[in-house]
Amino acid sequence: MNQWRIFILDHHDYVLPFLGKINSEGVCAYASRALLFLREDATLKPLAIELSYPVSSDSNEMESRVFLPAKEGTDRALWQLAKAHVAANDSAYHQLISHWLHTHAVVEPFIIATRRQLSVMHPVHRLLEPHFKDTMHINALARSILINSGGILEKTLFTGKFSMELSSELYKEWRFDEQALPSDLVKRRMALEDPESPTEAQILFQDYPYGLDGLDVWLAIDTWVKDFCDLFYEDDDSVKSDTEIQGWWSEIRNVGHGDKRNETWWYQMTTKTDLTKTLTTLIWISSALHASVNFGQYAYAGYPPNRPTRCRKFIPDEGTMEFAEFLEDPDKYFLNMLPERFEATLGIALMEVLSRHTSDEVYLGQRPTSEWIDNNEVKQKFEKFIESLQEIEKQVMERNRDSKLKNRCGPIKMPYRLLYPDATKVEFREGITAKGIPNSVSI
């Protein structure tokens, strides 16, 4: 603990209040905590899993069971069941929070305010517009077939008809400033604050692909945004006196995210730093963050026995008929615990669709037309941004070739390329490539 080598995957306290309702719908769900140990080679070894559930739907009393890793016998089979329940928790959090809430949903008020408050000639509108491509359209589709009542997520996730209620509950904890990558890594104890640069972070261990590649991309976006804003804003007063920016920020804070209007963490939008932090974070969410949580779903989670989204059985207690059934054939019990064939197939199909790049995708470092702005200084700064992304591509490939970095490829030798910008390719790209950072939340 003192060496910061114990990590926790925590799906416990926020799930627990929903369990009574969820399990009354015929689902078998727990709230989970999993402890992991950071080994010398920077890989994570699971240490223990705690699964909790309420004794009854109308009781605050809770029971917990702890499972430990084992290599053989009954304990090994129980460990497999426990891992499946953790995966079900994690799958729901991934879709409802990491993916839907923290990218698609939170960006929407920024898009609406940009189109209502900033003229199309405003430089910030020109900067942001490529990062809003198709997002409103894809969100509308999601509301009609994905997150709606009786929709695909309710059919596939353990949270069922309470999925959006849980997502809405966790929106209460959302903070825009904590979606800046350095702040996010520090909050999750994956990095330390950089004393020399408060906008950056010192990652705790180098073999963390998302963190390492992400900080490179973050810095490139941050530099591009600062270069851009320096051309149009001379000082803090020029930000304060920009009535369109002030109207834009007021609508985002007081209307778009009105439930949060009185929270103290909002930037005041009175300095250039406030503006650049906001724009960098917004572009990061729309591009790299969304790419990292979306386009690897089929590759990493498309095999249901390895990544179930719900479970149909609890882990049996010793001495029960269910435990006897489990002992008779542990593998059969495990398979019967997984989602039914229709639910599993629907989940696979969803992840395959979500993981596909569209044929008209425009990537970070690209613009759909060379006439997107007529300012030559801006174009020069944008070329500098492209060069930094090309350098990141080289770094990603170099890291993936380093055999000492075991988390880059894993046992199956699939390189981590979700934050490989792929900024300069212009040929037709469609389908599951597991690389490339689109400008916008477009699927």
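**Exercise 1. Is Ala301 buried or exposed?**

Solution. Start with the cut-offs: buried means under 20% relative accessible area, exposed over 50%, and partly exposed in between (1.4 Å probe, protein chains only). Ala301 has 12% relative accessibility, so Ala301 counts as buried. Next, place Ala301: this residue belongs to helix 12 (residues 297-301). Helices (H or I, at least four residues) and strands (E, at least two) are DSSP runs, numbered from the N terminus.

A word on the model before you go on. This is a predicted model, in which local features need pLDDT of at least 70 and side-chain atom pairs count only at pLDDT 80 or more, while totals for chains, interfaces and linings use all residues. Residues are numbered from 1 along each chain as its sequence is written, and side-chain values use heavy atoms, with hydrogens and water left out.

**Exercise 2. Find the buried side of helix 15 (residues 341-354).**

Solution. First, check the length. The expected span is 1.5 Å times one less than the number of residues. For the 14 residues of helix 15 that gives 20 Å, and the end C-alpha atoms are 20 Å apart, which agrees. Second, list the buried residues: Glu343, Ala344, Gly347, Leu350, Met351 and Leu354. These residues cover an arc of only 125° around the axis, so they sit on the same side of helix 15; the arc is that of the directions from the helix axis to the C-beta atoms. Third, turn to the face away from the buried side, where you will find the exposed residues Arg341 and Phe342.

**Exercise 3. Which residue forms a salt bridge with Glu343?**

Solution. Apply the rule: a side-chain nitrogen of Lys or Arg lies within 4 Å of a carboxyl oxygen of Asp or Glu. The partner is Arg310, with the closest N and O atoms 3.6 Å apart. Glu343 is in helix 15 and Arg310 in the loop between helix 12 and helix 13 (321-328), so this pair links distant parts of the chain, 33 residues apart. Both Glu343 and Arg310 are buried. For contrast, try Glu169 and Lys172, whose side chains meet at 3.1 Å, N to O. Glu169 is partly exposed at 35% relative accessibility, whereas Lys172 is exposed at 56%.

**Exercise 4. Trace the strand partners of Arg33.**

Solution. Strands pair if DSSP finds at least two bridges between them. Strand 1 (residues 6-11) and strand 2 (residues 31-38) are antiparallel, with six bridges; here Arg33 of strand 2 is the bridge partner of Asp10. Strand 2 also pairs with strand 3 (residues 44-54), antiparallel over eight bridges, and there Arg33 stands opposite Glu50.
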